[in-house]
Amino acid sequence: MPALILTDFTARVVWLGYQPVPVEKLVITAAPLAEMPLTFSGYAGEVHAGLTRPSCSRVLKQHPRDTEIRNVRQLCVVSAEEMAEVARDMGLAEMDYAWVGASLVLEGIPDLTHLPPSSRLQGPDGVTLVVDMENLPCQEPAVTIEKALPGQGKGFKRAAEGKRGVTAWVEREGVLRLGDEMRLHVPAQRAWQPEQTQRKIS
């Protein structure tokens, strides 16, 4: 029995980008791409690439800081529609995807930020990304926007809550290009219901 269900949802790649250098003074430096060759380590030259990474503040309850762990944060995937909502709520004419450190911007999947973990996004040549989890709003985009548009950055974290996209890692190598269509596959399981399980046990 297949563990993943192919949905009717497809998305168009409207932006590709990478961060060639680490964040400095909370400012993101990112550059656009026309195509993105992906290996099991992610995109070569991207600061988030690699099979492993040092653990960060997001997983301190699981690992001491800088512990070497599997890298499931190779890519930052955001929704064009959600970013438009964030820009509107901030009073911006538009959102520069480089400001949020986006690797991949997709158009066409509603509520992308809340895709089930382990969902797959598959490109035309079979290149496949696995969704890790929601990417929570952080300070770096706010500072980056503030530097570009003085007085505008402080509203980012509130506006981007629940709309920041997801992190992902490469399950199958291939190439993504602007305009490509990606198909969404979701896990074939019901939502976790711990309360119901506890009632059955008791």
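Here is a short chat about a predicted model, going through its ring pairs, a charge over a ring, a loop residue and two pockets.

Me: Why is the pair of Y18 and Y43 called edge-to-face?

Reply: Two values settle that one. The ring centres are 5.3 Å apart, and rings pair if their centres lie within 6.5 Å. The planes stand at 70°, and over 60 degrees counts as edge-to-face, so that's the name this pair gets. The structure holds two aromatic pairs.

Me: What makes this a link between distant parts of the chain?

Reply: Y18 belongs to strand β1 (residues 4-18), while Y43 is in the loop between β3 (35-38) and β4 (52-54). The two residues are 25 apart along the chain.

Me: Why does Y43 count as buried?

Reply: Its relative accessibility is 15%. Buried means under 20%, so Y43 makes the cut.

Me: How do you know that the charged end of R70 sits over the ring of W169?

Reply: Part of the test is distance: CZ of Arg has to be within 6 Å of the ring centre. For R70 and W169 the value is 5.7 Å. The other part is direction, within 35 degrees of the ring normal, and R70 is listed as sitting over the ring.

Me: What is R65 in contact with, leaving aside its neighbours within four places in sequence?

Reply: R65 is in the loop between β4 and β5 (68-70), and it touches S55, C56, S57 and L60. Contact here means heavy atoms within 4.5 Å. As for P54, its C-alpha atom is 7.3 Å from that of R65, with their positions 11 residues apart along the chain.

Me: What makes up the lining of the largest pocket?

Reply: There are 28 lining residues, with Q19, V23, H48, R58 and R73 nearest the centre. They split into 12 nonpolar, 11 polar and five charged. β4, β6 (75-79) and α2 (139-148) each give two or more, and β4 has the largest share with three. The volume of this pocket is about 690 Å³.

Me: And which residues line the second largest pocket?

Reply: Among them are R53, R58, R70, R73, D132 and E134. Arg, Asp and Glu count as charged, which fits the tally of five nonpolar, one polar and six charged. β5 and β9 (128-134) each supply at least two lining residues, and the largest share, three, comes from β9. The space in this pocket is about 260 Å³.

Notes:
Residues numbered from 1 in each chain as written. Predicted model: local features only at pLDDT ≥ 70, side-chain atom pairs only at ≥ 80, totals over all residues. Heavy atoms only, no water. Phe/Tyr/Trp six-rings, centres within 6.5 Å; stacked < 30°, edge-to-face > 60°. Helix = DSSP H or I, 4+ residues; strand = E, 2+ residues; numbered from the N terminus. Buried < 20%, exposed > 50% of the residue type's maximum accessible area, 1.4 Å probe, protein only. 1 Å grid on protein atoms, 1.4 Å probe; cavity = no way out; pocket = protein on both sides within 12 Å on 5 of 7 lines; lining within 4 Å. Points joined across faces, edges and corners; volume = space filled by probe spheres on them.
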